[in-house]
Structure formats: structure tokens, C-alpha cells
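Here are my notes on this one, in the order I'd go through them with the model open. Have a look and see whether you read it the way I do.

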Amino acid sequence: MMRPVRTVLIVANWKMNTSPTDAGELAGTIAKATDERLVRRVICPPYVSLAAVGQALAGTGVEVGAQNVHAEVSGAYTGEIAASMLVGLASWCIVGHSERRRDQAESDELVGRKLIRCREAGLTPILCVGERLEEREAGRAEETVRRQLEGSLSVTAAAGGIDPELVIAYEPVWAIGTGRTARGADAAAMADAIRDSCRELGMPDAGSMPILYGGSVTSASIGEFLAEPGIDGALVGGASLKVDEMAGIVARAALTARARVEAPSA
Ligand code: PGA
């Protein structure tokens, strides 16, 4: 059977960096430096910079994403942002990032409710999963990720089904912002486990679901991940604030995207 041709996707997570003024300028410069139409590119700036980044990216083909969304539809949640408020500002949304799981104690169940809010608002979700160092060292990396997926996706499955647009980012916590990366083969094994788990949870077409690797990706390390047929791109943090790094990452991603289009069953 022919493997589905999955798009190659590079997502920039700017985290709590940039002001609305410099975010627009940086986004425009990155768009020009990464003009590879076969690679789907998304920039996720802080909320307050979504409008400026959206304006700067108009007509470039680069899409805009939010870094988080609230689990409720609306209400007395001071300082929070609902999915419906993002409509027109973003078309993607990161959910369940490990920094939020760590700092805001986000549970798998809460992340599942955020996925429902994304679906209602038409935002394509990027669900982040990944094990901590002690879990990997104890041989429990796969078990951890399967538990995270089950805890979140069972919530969405019970509320009308898993979003067919779902994208998953495998981000080992010990690799985020540390300069350490997983090995390509380990990330690929995890991508297989993620697709298996999603099939078991009620996504028969999990084979066509994009899976990204995240954790200290740079222009030097991206090749190791994109050499794996099961990995479809990257969620990039620190390096995504550097124009040259983004140019290198997207240029490497374009090689994979072209190869996939030319030899879809390879
Ligand atoms: P990093 O962040 O590339 O700086 O490690 C990745 C992420 O948190 O998505």
C-alpha cells in the first residue's frame, strides 16, 4: 500500500519573546528567507503580537498560530483567551506544551478540553506530548506518551470525535531548550507509537496525521529528524527567533518535501 504523502511542516514557537513591533518585522523577514511553498510554515507569536504578525505575513503563505487557548468557551477567567477570540487572528494553536504542563499544571484532561475548543473554533491543534528525563531513563517514555494521548484524546473522542486535522508534536521534555536532542531513530520509534496509540483511540487514518519533532531543533539537527519517514517536520523554539536558522531549517525541510512529492511511496 502506498504511504500517504504527508506535508512537511515547520512551526515556530516564539514563546514569551518579541514585542508587537519587532514581531511583525521578524515574521516578515522570516517569511522572505523561507519562501519554500512545498513546506507549510506556521509562526506562533505571543497573543499580543498575533495581529501584527498576521499583517506582516499576509500574502506570504506563512500561517499564524497561537501558543495556547483556554479550556472554557467564555466566562470569568481573568487574563485568559478563548478559542473564539482567536478566529481571524490565528488558524493554528499549540496545546499541551510541556512548559504549560509544568508551570500551569495542565492535565491531560484539561488539554483534551482545549482540543475541543480548537475544533469548535476551526483552529488546527498542535498537541504536544513527551516524556521527562527520569521517565526515559526508567524505560517508560512510550508508556508516558501513550498515557498523555489517551488522557487527552479520550476526552475529545467522547465529545464528538478526534479532530481529523490534529497534528502531534513529540517533544521530549529533557530536549526542550537544553541543546540536547533525541536521536532521530528514537523520535521515529515514538512517532510509530503515537500513530498506533491514535488508531487505538479511534483515529483510523492516523497514518496520514502529521507528527513533528520538537526539542532544541536547529538548522544543524533538523536533517536527522527529517531523514525519518515517520517525522513530518519540527516545532522549533529558540532557533525560530533567528532568521538564518529558520532559513536553514526550512531549506532542509524543502528537500524532504520535494522528495516526498517526487517519490510518494518511498
Ligand atoms: P526549543 O523549544 O527548540 O527551544 O527546545 C521547542 C519547544 O518548546 O517547542
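1. Start with the pairing of strand 2 (residues 39–44) and strand 3 (residues 63–66): the two run parallel and are joined by two bridges. If you want a residue to click on, take Ile-43, whose bridge partner in strand 3 is Val-64. Keep in mind throughout that this is a predicted model.

2. Now zoom out. That pair belongs to a barrel that eight strands close, in the order 1-2-3-4-5-6-7-8, with parallel pairing. From one strand to the next, the twist averages 25 degrees.

3. Next, the ligand. Which residues come nearest to the ligand? There are 13 residues around it, and the nearest are Lys-15, His-97, Glu-171, Gly-177 and Ser-216. Sorted by class, the shell holds seven polar, four nonpolar and two charged residues.

4. On polar contacts, I'd point to three. A side-chain N or O atom of Lys-15 sits 2.7 Å from an oxygen atom of the ligand. The other two involve the backbone: a polar backbone atom of Gly-238 is 2.8 Å from a ligand oxygen, and for Gly-237 the corresponding distance is 2.9 Å. As for cover, the ligand taken alone exposes 280 Å², and the protein buries 95% of that.

5. Ser-216 deserves a second look. We met it among the residues that come nearest to the ligand, and its place is in the loop between strand 7 (211–214) and helix 9 (222–226). Its phi is near 60 degrees, a positive value in a residue other than glycine. Most residues other than glycine have a negative phi. Is Ser-216 buried or exposed? Neither, quite: its relative accessibility is 21%, so it counts as partly exposed, given that buried means under 20%.

6. Thr-18 gets a similar comment. Phi of Thr-18 is near 80 degrees, again positive in a residue other than glycine. Where does Thr-18 sit? Look in the loop between strand 1 (8–13) and helix 1 (20–33). Thr-18 counts as partly exposed because its relative accessibility is 27%.

7. If you only check a few things, I'd go for these: the positive phi values of Thr-18 and Ser-216, and the ligand contact made by the side chain of Lys-15 at 2.7 Å.

Terms used:
Residues numbered from 1 in each chain as written. Predicted model: local features only at pLDDT ≥ 70, side-chain atom pairs only at ≥ 80, totals over all residues. Heavy atoms only, no water. Near = heavy atom within 4 Å. Polar contact = N/O pair within 3.5 Å; in protein donor to acceptor, adjacent residues only side chain to side chain. Areas by Shrake-Rupley, 256 points an atom, 1.4 Å probe, with all protein chains shown as cover. Nonpolar A, V, L, I, M, F, W, Y, C, P; charged D, E, K, R; others polar. Helix = DSSP H or I, 4+ residues; strand = E, 2+ residues; numbered from the N terminus. Buried < 20%, exposed > 50% of the residue type's maximum accessible area, 1.4 Å probe, protein only. Pairing = 2+ DSSP bridges. Axes fitted to C-alpha atoms, helices over the stretch in contact; angles between N-to-C directions.
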